[in-house]
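Thanks, everyone. I have one model to go through this morning, and I will keep to the ligand site. Please have a look at the screen first.

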Amino acid sequence: MSLLNEISDAVIAGNVETTVTKVKQALAENVSASEILNDGLMVGINEIGTQFGAGKIFVPTVLMAAKAMNDGVDVIKHLLESEGPTTVGKAIVGTVKGDLHDIGKKLVVLMMRSANIDVIDMGANVTAEQFIAGIKEHKPQIVGLSALLTTTMNEQGNVIKALETAGVRDQVKVLIGGAPVTQGWADKIGADGFAADAAGAAVWSKAYVTSL
Ligand code: B12
């Protein structure tokens with residue numbers, strides 16, 4: 001079995017120690033960080049999503065897999081992030097209120113940083129008020145909103161409305177994403193941008209800040 005398969009299997013098994021060991025081993029064998037992420041860790045967490053959706057496994061198993069995925073990402077994080085000190089813009093990124101999913105959001109933060117954007121990670125379950133306070137404190141050009149549940153997608157729209165009410169909407173561009181989110185949804189709620197994945201978030205953000 002290939003090392004990348006062993007990594008995805010370790011995530012599926014929720015085996016944190018094996019995941020971390022295998023990721024380190026892959027790095028030592030010159031497998032690139034993006035291959036480890038896309039062809040190892042992501043394959044595992046996607047399989048977990050399929051099994052969870054089909055009712056074959058339950059939340060505790062998903063949590064263990066998420067922990068293995070997160071710890072695996074931690075090992076390759078420094079290779080995905082840019083090491084250059086120059087930043088071309090600033091963003092705040094968080095998962096909206098009511099939503100605890102943060103793996104994808106963390107990857108978005110990593111990839112935006114690798115595009116030389118200074119990103120403040122607001123965490124998960126972030127209220128509209130916290131986003132507004134973040135805008136006032138950090139003065140970002142971009143606000144990234146993640147939502148993984150069809151129920152919390154609505155909160156992305158609520159945050160945009162709250163930014164309008166607070167008078168800060170025109171200071172930022174709002175970029176949205178998350179598994180159930182589409183360009184059509186972005187248009188509907190008046191977001192400025194949508195990206196399907198972390199790489200797309202980085203490309204969109206860099207294109208915007210360098211156009212200023
Ligand atoms: C891991 C996981 C959990 C973990 C989360 C742990 C953590 N720390 O994140 C736990 C166990 C806590 C969990 C809980 C729940 N979960 Co859950 N979970 C998942 C799972 C298996 C994987 C999500 C994930 O991390 N994917 C990997 C990452 C890398 O992908 P991603 O998040 O999609 O992110 C990428 C893109 O979407 C995009 N992106 C993400 N954010 C952003 C933001 C911006 C700005 C941009 C541009 C792009 C972007 O870029 C990312 C990287 O490429 C998914 C299944 C799935 N396939 O999505 C279900 C899933 C999302 N969960 C689901 C459900 C139902 C729940 C619960 C309600 C279950 C329950 N009954 O309690 C709870 C809700 C808790 C809450 N209030 O949030 C459903 C949602 C159904 C729906 N359509 O609403 C899913 C789809 C499972 C399923 N098939 O039914 N879950």
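I'll start with His101, which is placed in the loop between strand E1 (89-96) and helix H5. Keep in mind that this is a predicted model. His101 matters to this talk for its contact with the metal: through NE2 it is the single protein donor to the cobalt atom of the ligand, at 2.2 Å.

Now the surroundings. Which residues are closest to the ligand? They are Leu100, His101, Asp102, Ser146 and Thr150, out of 35 residues that surround the ligand.

Two of these residues make polar contacts through their side chains. Asp102 has a polar side-chain atom 2.7 Å from a nitrogen atom of the ligand. For Ser146, a polar side-chain atom is likewise 2.7 Å from a ligand nitrogen. Ala198 uses its backbone instead: an N or O atom there lies 3.1 Å from an oxygen atom of the ligand.

Next, the secondary structure. Which elements supply at least two residues each to the shell? The helices are H3 (33-53), H4 (59-80), H5 (103-114) and H9 (198-210), and the strands are E3 (142-146) and E4 (173-177). H3 gives the most, with six residues.

What is the make-up of that shell by class? There are 22 nonpolar residues, ten polar and three charged.

Last, the space itself. The ligand takes up the largest pocket.

To recap the metal site: cobalt has one donor from the protein, NE2 of His101, and that histidine is in the loop between E1 and H5. That is what I have on the site.

Terms used: Residues are numbered from 1 along each chain as its sequence is written. This is a predicted model: local features need pLDDT of at least 70, side-chain atom pairs count only at pLDDT 80 or more; totals for chains, interfaces and linings use all residues. Side-chain values use heavy atoms; hydrogens and water are left out. A residue is near a molecule or strand if one of its heavy atoms lies within 4 Å of it. A polar contact is a pair of N or O atoms within 3.5 Å; within protein, one must be able to donate a hydrogen and the other to accept it, and residues adjacent in sequence count only if both atoms are side-chain atoms. On a 1 Å grid over the protein atoms alone, a cavity is a set of points where a 1.4 Å probe fits but cannot get out, and a pocket is an open set with protein on both sides within 12 Å along at least five of seven lines; lining residues have an atom within 4 Å of a point. A molecule sits in a cavity or pocket if more than half of its atoms lie within 2 Å of its grid points. Helices (H or I, at least four residues) and strands (E, at least two) are DSSP runs, numbered from the N terminus. Ala, Val, Leu, Ile, Met, Phe, Trp, Tyr, Cys and Pro count as nonpolar, Asp, Glu, Lys and Arg as charged, and the others, Gly among them, as polar. Donors are N, O and S atoms within 2.8 Å of the metal (3.2 Å for Na, K and Ca); water is not among the atoms, so sites may look incomplete.
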